[in-house]
Structure formats: C-alpha cells, structure tokens
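Visitor: I am new to this structure and should be grateful for a close look at a single part of it. Would you kindly begin with one pairing of charged side chains and proceed from there to its surroundings?

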Amino acid sequence: MKVLELAPQVFVSGQLYDHDIRLAAKQGVRSIMNNRPDGEAVGQPPSADLQKTAEELGMTYVYLPVDSRTFTREDVEHFARTCEGLERPLLIFCRSGARSTRVWEIAETL
C-alpha cells in the first residue's frame, strides 16, 4: 500500500484491502474514507466488507463514492464537510489515489 500525505494527519492511497485496514489500524489511523464506487472493477472488495473490518478495529469508515468524470461542486463540498468531521489520522482512498487527491485539492480551494 503506497500512502501519500495530503495534509497533516490526512493521507491518501489506492485501493485498500482487509490487510491494509488492519495495518492502518496498527499505525494509528482513526478514520477511513472510501471514494471508490462499489463494482468499479473485478476483484474490488465491497465497501461493506471493508467497513466491517474497520469498525471491528474501532475505526470510523465512510463510504463516499465519487465519479471522477462527473463530480460537482456540491460533491466536493460534501466531501470537505465529511472530512472535517472525521477523527485524524484520516486515510482516504480510491482506485489509485488520484481521484481522492483531486477532490481533496479542489476542496482545499473552496
């Protein structure tokens, strides 16, 4: 799992799997946000399964899918409000991390 820091205690990565969530919990991550729509690709774990793992480990998990081709200002504002309310360290993910990074960068300009 490649992780980049977007801001203090806010990180982004590509697709997470069960073992990545367990590792993130051991490293102190308190919240996870999934920006990848379910069913986007074969082999992608369902968000509900990842949420179950995160919650079993005492983490907050938010499923906030974003379509990189059609997201709106309202989507970005919702993303920003949701991020503000999540305990840090926060790990945000999508397929590669690029979509989540782009939405974060746009949200920072609002």
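Guide: In this predicted model, Arg22 and Asp18 form a salt bridge in which the closest N and O atoms are 2.9 Å apart. Both residues belong to helix H1, where four residues, about one turn of the helix, separate them. Arg22 has a relative accessible area of 36% and is therefore partly exposed. Asp18, with a relative accessible area of 33%, is likewise partly exposed. Side chains of opposite charge can pair when their charged atoms come close. The structure holds seven salt bridges, and several others deserve attention.

One of them joins Arg30 to Glu87, with 3.5 Å between the closest N and O atoms. This pair links distant parts of the chain, since Arg30 lies in the loop between H1 and E3 while Glu87 lies in the loop between H3 and E5, 57 residues apart. Arg30 is partly exposed, its relative accessible area being 29%. Glu87 also counts as partly exposed, at 46% relative accessibility.

The loop that holds Glu87 has a further feature. Pro89 lies in this loop, between helix H3 (73-84) and E5. A cis peptide bond joins Arg88 and Pro89, with omega at about -5°.

Helix H2 supplies another salt bridge. Here Lys52 pairs with Glu56, the closest N and O atoms being 3.5 Å apart. Lys52 and Glu56 both lie in H2, four residues apart, about one turn of the helix. Lys52 and Glu56 are both exposed. Elsewhere, Arg36, Glu40 and Arg99 are joined into one network by salt bridges that share partners.

The setting of H2 can be described through its two sides. Ser47, Leu50, Thr53 and Ala54 are buried in this helix. These four cover an arc of only 125° around the axis, and they therefore fall on the same side of H2. On the other side of H2, the exposed residues are Ala48, Lys52 and Glu56. The salt bridge between Lys52 and Glu56 thus belongs to residues of the exposed side. What do the buried residues of H2 pack against? Their partners are helix H1 (18-26), E3, E4 and E5.

Ala48 offers a closer view of the exposed side. This residue is found in helix H2, which covers residues 47-56. Ala48 counts as exposed because its relative accessibility is 52%, and the cut-off for that class is over 50%. The C-alpha atoms of Ala48 and Val62 are separated by 10 Å, the two residues being 14 apart along the chain. After H2 comes Gly58, whose phi is positive, near 85°.

The strands E3, E4 and E5, against which the buried residues of H2 pack, belong to an open sheet. Five strands form this sheet in the order E1-E2-E5-E3-E4, with mixed pairing. Strand E1 (3-7) and strand E4 (60-63) each have a single partner strand, so these two stand at the edges and one side of each is left without a neighbour in the sheet. From one strand to the next, the twist averages 25°. Strands of a sheet pair through backbone hydrogen bonds, either parallel or antiparallel. Strand E3 (residues 31-34) and strand E5 (residues 90-93) pair in the parallel sense, over four bridges. Within this pairing, Met33 has Ile92 of E5 as its bridge partner.

A backbone detail is found by strand E1. Gln9 is placed in the loop between E1 and strand E2 (10-13). The phi of Gln9 is near 65°, a positive value in a residue other than glycine. At 40% relative accessibility, Gln9 counts as partly exposed.

Finally, there is the matter of aromatic rings. The count of aromatic pairs comes to one. Its members are Phe79 and Trp104, whose ring centres are 6.5 Å apart and whose planes stand at 80°, so the pair is edge-to-face. Phe79 lies in helix H3 and Trp104 in helix H4 (residues 98-109), so the pair ties together parts that are 25 residues apart in sequence. Phe79 is buried, with a relative accessible area of 0%, and Trp104 is buried as well, with a relative accessible area of 8%.

How values were computed: Residues are numbered from 1 along each chain as its sequence is written. This is a predicted model: local features need pLDDT of at least 70, side-chain atom pairs count only at pLDDT 80 or more; totals for chains, interfaces and linings use all residues. Side-chain values use heavy atoms; hydrogens and water are left out. Two strands pair if DSSP finds at least two bridges between them. Axes are lines fitted to C-alpha atoms, for helices over the stretch in contact, and angles run from 0 to 180 degrees between N-to-C directions. Buried means under 20% relative accessible area, exposed over 50%, partly exposed in between (1.4 Å probe, protein chains only). The arc is that of the directions from the helix axis to the C-beta atoms. Contact means heavy atoms within 4.5 Å. Rings of Phe, Tyr and Trp (its six-membered ring) pair if their centres lie within 6.5 Å; planes under 30 degrees apart count as stacked, over 60 as edge-to-face and the rest as tilted. A salt bridge is a side-chain nitrogen of Lys or Arg within 4 Å of a carboxyl oxygen of Asp or Glu.
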